[in-house]
Amino acid sequence: MTETHTPTGPADPPAPGPGAGSRARGARVGTGRRADRGARGARSARRTPGAPRRTPVGSRWAPYALVAPFFLFFGAFGVFPLAATAWTSLHRVELTAPAEAEWVGLHNYARLLDDAFFWNALVNTAVIGVLSTVPQLLLALGVAHLLDVRLRGRGLFRVVALAPYATSVAAATLVFALFYGRDNGMANWALGVAGLAPVDWQNGPWASKLAVSSIVVWRWTGYNALIYLAAMQTVPRELYEAAALDGASRWRQFLHVTLPGLRPAILFTVLVSTIGATQLFGEPLLFGSGAGASGGADHQFQTLGLYLYEQGWVNLHLGRAAAIAWAMLVILVVLFGAARLLRGVHARGLLARGAFTRRAFARGKRAS
Amino acid sequence: MGSRRRNGPVVVLALALLLGATLSGGCATDPAPPPGAGVPAREPVDGSGRRITLTVGVFGTFGLQEAGLYDTYMRLHPDIAVRQTSLTRNDVYYPQLLTHLTAGSGLADVQAVEVGNIAEVLATQTGRLDALGSAPGVDPSAFLPWKWAQGTAPDGRTLALGTDIGPQAVCYRKDLFARAGLPTERGAVGRLWAGDWRKYLAAGVRYRERAPKGTAFTDSASGVMAAVTGSAALRYYDERGELIVAVNPAVREAWNLAAAFARQGLTARLQQFTPGWDQAFANGVFATVACPAWMLGYIQDKAGPAGRGRWDVAAAPRPGNWGGSFLVVPSAGRHRAEAARLAAWLTAPAQQAVLFERRGSFPSASAAYALPSVADARHPYFGDAPVGEIFAAAARGVPRAPVGPKDALVAQTLADVGMLQVDQTGRSPESAWKAAMKAIDNALDR
């Protein structure tokens with residue numbers, strides 16, 4: 001397998017010397033495709049003798065040189081950290097002595113299974129994720145629809161909608177932490193004015209999750225609204241005219257013209273928000289003001305990102321932190337894989353419902 | 001709770017940078033690069049020739065720069081320039097210090113270490129730090145014996161020189177005490193609870209009977225617990241370095257006493273070093289707080305001008321210590337001899353006295369206690385309380401409790417996971433204790 005991926009691939013220009021030798025070796029172990037490649041190489045080799053002097057030597061490598069920076073950076077900042085994290089996750093590594101890694105195999109992953117703090121963080125992440133993503137995207141849709149209407153000072157409204165996104169998460173969260181203060185916070189003051197009992201926003205298992213979610217919603221709604229707005233403006237106006245001629249109300253136009261037009265944008269925002277929700281870190285960290293990375297006294301708003309940070313940089317267990325990081329990646333992959341599968345099943349189901357039900361029927365019969 | 005100076009907002013950028021920096025550093029298996037790799041290359045040159053630039057890495061507002069000690073040193077040594085790098089929070093500073101030490105780069109010539117981390121640094125970084133015990137200008141007998149012992153590694157070499165300590169007193173509001181019918185003169189207040197923390201609880205119960213509306217006796221149960229544990233002869237580790245937090249009766253006693261404060265409604269149910277706590281100082285919500293010497297400046301800052309003349313300082317029931325720091329000299333530094341001399345000078349009694357006079361950090365060098373700037377020190381904000389005398393007495397009485405590698409983590413978990421729930425959510429002390437023990441076991445990977 002690795003042999004076929006040596007640098008002397010199909011795109012490699014033919015060159016005499018050691019390269020040719022390795023190609024010959026490749027042809028020996030290679031398959032039919034590989035042989036074909038060799039033939040192509042020979043053909044181009046036949047072409048080259050005519051023009052070796054006219055092409056500067058560098059031009060042959062120029063395309064590689066031009067794309068190299070991307071691959072170098074991707075390798076250094078994309079692949080290497082990923083691989084290093086995977087390696088770390090298979091070892092017992094402490095920040096006090098990162099060079100002394102003790103191989104533990106999958107132990108760090110196995111222990112996650114009965115790590116109550118990990119499951120707590122996973123549930124918190126999911127709950128906060130739903131509590132923040134769903135309202136955020138619905139609100140964004142509404143805001144985008146309003147901004148799409150021709151009105152005076154549209155530009156100003158758009159800037160206002162985007163302002164939270166431009167605010168630093170630290171500043172915003174610190175203000176929210178004050179807003180949700182138990183004794184002197186504005187939220188409780190407002191509840192008091194409305195005649196309701198004050199809420200302990202830090203300690204309440206649901207209240208704290210709601211509070212953290214509200215920061216996320218506040219911060220990201222405008223950003224998503226702008227994406228929706230851009231997509232809305234690409235929907236052909238004739239469609240609306242046609243729909244109006246057919247007697248569709250504004251609401252039906254929104255449902256049957258706007259929403260289908262927004263499908264790619266909605267998919268994109270759902271994807272990005274899901275990734276963001278899985279990695280949520282800054283908001284819960286800062287919302288807990290003094291309490292480090294525990295995410296509240298009872299870990300009631302400790303997300304996976306926060307638990308990872310706590311294990312790595314507070315408890316100094318790099319191996320365990322790395323395992324959590326990889327678990328987060330796996331969760332995302334599984335989530336998106338499941339979504340794709342569902343969509344696939346859905347599509348196939350529409351196309352060949354008969355076959356599908358027949359198979360299901362057969363399975364059911366076998367089971368009984 | 002060993003962590004001090006948790007003041008100031010978290011700088012998320014710093015965290016992000018740290019995450020990035022430490023990930024690559026933490027995963028690398030490279031051996032230590034050549035010594036001095038991380039020392040800034042640029043050195044100012046003055047007319048007389050080359051000057052050496054020494055950097056000092058600290059966390060929080062450490063005070064050395066603010067007290068003008070670097071300026072004095074540079075005046076005394078024209079060939080030396082001193083620069084400081086600072087991170088706001090120790091929980092950001094410390095992991096970074098560890099990565100820099102293990103990588104052997106990015107280090108300052110002199111680095112500060114908090115007492116909650118000192119045992120871990122000495123146990124795991126022994127080979128990466130220079131011995132300072134016999135550095136020129138260091139006099140072991142000038143320091144409190146327990147502080148000197150904390151800076152000495154298991155192999156007997158002293159690698160860390162003490163800067164300040166946190167001897168405890170109780171800061172109290174005279175006006176609230178008067179309205180509750182308690183004595184207000186600091187001697188009489190000290191006698192209220194002298195010798196026993198349970199008398200402090202009894203005073204709280206007395207206060208509650210006639211408490212001014214909207215006020216509580218003390219700020220938080222966690223604060224009480226930190227103070228009581230700080231006066232115990234054994235805390236989380238025994239002399240052999242075994243973790244005994246789960247079985248040490250002194251810790252359990254402190255826990256039960258602090259829980260009693262919470263259960264009897266004597267606390268304002270606050271969490272220390274959070275915005276709510278800061279506001280409570282300004283609003284005068286509680287009448288007492290167990291205060292190490294370094295907290296006085298914090299109280300003055302948060303309570304503001306309105307609190308002037310209302311606060312006072314009385315002796316704590318038993319002498320104890322909470323917090324304090326050390327200076328170490330990494331072996332990877334380029335100017336190790338000069339750095340050792342600077343560290344020795346900064347921690348010498350005379351300079352510690354200056355630091356106390358200007359910044360309120362109490363000297364760990366007991367030789368400084370006889371100097372007039374400490375012995376006769378009074379704090380104008382706290383009703384001219386003789387703070388030098390009060391804290392020196394407390395410092396001399398602090399038991400020589402061994403500190404363990406995870407002291408800071410254990411203390412923080414007990415306070416922020418365990419006692420905080422008893423105080424703020426009404427969780428039963430028994431169940432919260434179990435939660436804290438479980439969190440400690442998980443954090444310590446046991």
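How many of the ten residues of helix α9 (residues 221–230) of chain B are buried? Ten of the ten are, so this helix is largely enclosed by the rest of the structure. Keep in mind as you read on that this is a predicted model. Here is a short tour, starting with the place where chains A and B meet and then moving into chain B.

**Where chain A meets chain B**

- The contact between the two chains involves 35 residues of chain A and 35 residues of chain B.
- On the chain A side, at least two residues each come from α3 (57–89), β2 (97–103), α7 (169–179), α12 (282–287) and α13 (304–314).
- The biggest giver on that side is α7(A), which supplies five residues.
- Sorted by class, the side of chain A that touches chain B has 19 nonpolar, twelve polar and four charged residues.

**Annotated spans in chain A**

- An unreviewed UniProt entry carries the annotation "transmembrane region" for residues 61–84, 117–147, 159–180, 262–281 and 323–342 of chain A.
- In the model, residues 61–84 of chain A are 100% helix and 0% strand, and the C-alpha atoms at the two ends of this span are 30 Å apart.
- Residues 323–342 of chain A are likewise 100% helix and 0% strand, with 28 Å between the end C-alpha atoms.

**Chain B as a whole**

- Chain B contains 18 helices and eleven strands.
- Of the 446 residues in chain B, 56% are buried.
- If you take the contacts in chain B between residues at least 6 apart in sequence, 76% of them join residues at least 24 apart.

**The two domains of chain B**

- Domain 1 of chain B is made of two stretches, 32–165 and 323–375, while domain 2 is made of 167–322 and 383–443.
- The C-alpha centres of domain 1 and domain 2 of chain B are 29 Å apart.
- Between these domains, 24 residues of domain 1 of chain B are in contact with 22 residues of domain 2 of chain B.
- Two or more residues each are given to the domain 1 side of this contact by α4 (115–124), α5 (145–150), β6 (160–173), β10 (321–328) and α15 (372–375) of chain B.
- Among these elements, α4(B) gives the most to the side of domain 1 that touches domain 2, with seven residues.
- That same side of domain 1 of chain B has 13 nonpolar, seven polar and four charged residues.

**Residues to find in chain B**

- In α9(B), the buried residues run from B:A221 through B:G230, including B:M225, B:V228 and B:T229.
- B:Q96 sits in helix α3 (residues 90–103) of chain B.
- B:Q96 counts as buried because 21 other C-beta atoms lie within 10 Å, and the cut-off for buried is 20 or more.
- From B:Q96 to B:G106, ten residues further apart along the chain, the C-alpha atoms are separated by 9.3 Å.
- B:R51 lies in the loop between β2 (49–50) and β3 (52–59) of chain B.
- B:R51 is partly exposed because it has 16 other C-beta atoms within 10 Å, a count that falls between the cut-offs of 12 or fewer for exposed and 20 or more for buried.
- B:R51 and B:D196 are 145 residues apart in sequence, and their C-alpha atoms are 55 Å apart in space.

Definitions and conventions. Residues are numbered from 1 along each chain as its sequence is written. Chains are lettered from A and ligands numbered from 1 in the order in which they are written. This is a predicted model: local features need pLDDT of at least 70, side-chain atom pairs count only at pLDDT 80 or more; totals for chains, interfaces and linings use all residues. Two residues are in contact if their C-beta atoms, placed from the backbone, lie within 7 Å. Helices (H or I, at least four residues) and strands (E, at least two) are DSSP runs, numbered from the N terminus. Ala, Val, Leu, Ile, Met, Phe, Trp, Tyr, Cys and Pro count as nonpolar, Asp, Glu, Lys and Arg as charged, and the others, Gly among them, as polar. UniProt positions are given in the numbering used here, feature names are shortened, and annotations may be inferred rather than shown by experiment. Domain bounds come from an automatic or database domain assignment.
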